[in-house]
Amino acid sequence: MPSKLHAAGASFAALLAAGSLQADETLTVYTYDSFVSEWGPGPGIEEAFEARCGDCDLEFVALPGGVDILQRMRLEGEGTRADLVLGLDMNLMAEARALDLLAPHGADTGALDLPIDWEDETFLPYDWGHFAFVYDTEQIAEPPGSFAELLEAPEAVKVILQDPRTSVTGQGLMLWIKKLYGDRAPDIWARLNERVLAVTNGWSQAYFSLFMNGEAPMVLSYATSPAYHMAVEETDRYQAAEFEEGHYLQVETAAMLRTTE
């Protein structure tokens, strides 16, 4: 998938195995829309799970993003029909935990391969990646190699971002800039705003509706987004700009509701 090529199968299967389903039961998973799209891992996971579980039904409820999943949990409370939530990243975990709606996953995390140590008993990682600015090589020959170069880029180099209030990628960019610039972050945002073409509510709208339609030469996305285009579309037209300051790490997780049967 453009957001990441998910290695979701093993970790997701481990979480599913933490409980058991009887015939004619439904497992309801709240997740984000790109996960369940035709190019995402959701359809393959659903087919494999239902084949393994017999008469069980795996039902994905697609929401725009991780922030929306958290908001749905907050609104529904203990009355939620979700058994699992899939798509909360590290920056949403504290808020989700504070809702007191989640149960220990009970899965063995010894085989996890992450760039950081992970010992959380509630949130089970199923993928990780780095945020990056993806650019169209047909519009930009030499991409910026740092935030400083992005801020000094020609006026024609416009960027599409996501709102940090509604999008995990937008939130990640906010924290990325805060980490790099500290108290100077507001000034950096003011300068970055001169490069911004649009700010969308979610990643899919920014990537597909705008960037892929040529509205701007750069979009905030993931360092692995080009892998999708190479693997599925057989093109290397889209590339991730490598910033000398480094890139912000995102770990996505799955968690089980304590109200699930």
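Which residue's side chain is joined to that of Gln162 by a polar contact? The partner is Thr169, and the contact between the two side chains spans 2.6 Å. The structure discussed here is a predicted model.

**Surroundings of Gln162**

Gln162 belongs to strand E6, which covers residues 159–162. Its relative accessible area is 2%, so Gln162 is classed as buried, the limit being under 20%. Besides the contact with Thr169, the side chain of Gln162 reaches the backbone oxygen of Leu220 at 3.1 Å. When neighbours within four places in sequence are set aside, the residues in contact with Gln162 include Ser167, Gly170, Val199, Trp203 and Val219.

**Strand E5 and its partners**

Strand E5 comprises residues 124–136. Of its 13 residues, 11 are buried, and therefore the strand is largely enclosed by the rest of the structure. The table lists strands that pair with E5, together with one residue pair for each.

| Partner strand | Residues of partner | Direction | Bridges | Residue pair |
|---|---|---|---|---|
| E10 | 249–257 | antiparallel | six | Pro125 and Thr253 |
| E8 | 218–222 | antiparallel | five | Val134 and Val219 |
| E9 | 238–241 | antiparallel | four | Phe133 and Ala241 |

Val219, the bridge partner of Val134 in E8, is also among the residues in contact with Gln162.

**Nonpolar cores**

In soluble globular proteins, nonpolar side chains tend to be buried together. In this model, the largest nonpolar core contains 58 residues. The residues with the most contacts inside this core are Val85, Leu88, Phe133, Phe147, Leu173 and Met218. Helix H7, residues 168–181, supplies the largest share of the core, namely five residues. A second core, separate from the largest one, has 15 residues, among them Leu27, Cys56, Leu86 and Met256. Phe133 thus appears in two settings: it stands opposite Ala241 in E9, and it is one of the residues with the most contacts inside the largest core.

**The disulfide**

How many disulfides does a search of the whole structure find? The search finds one. It joins Cys53 to Cys56, with a distance of 2.1 Å from S to S. A disulfide is a covalent bond between the sulfur atoms of two cysteines. Cys53 has a relative accessible area of 22%, so it counts as partly exposed, since buried means under 20%. Cys56, at 4% relative accessibility, is buried, and Cys56 is also included in the second core.

Terms used: Residues numbered from 1 in each chain as written. Predicted model: local features only at pLDDT ≥ 70, side-chain atom pairs only at ≥ 80, totals over all residues. Heavy atoms only, no water. Buried < 20%, exposed > 50% of the residue type's maximum accessible area, 1.4 Å probe, protein only. Pairing = 2+ DSSP bridges. Core = buried A, V, L, I, M, F, W, Y, C linked by side-chain atoms within 4.5 Å. Disulfide = S-S within 2.5 Å. Polar contact = N/O pair within 3.5 Å; in protein donor to acceptor, adjacent residues only side chain to side chain. Contact = heavy atoms within 4.5 Å.
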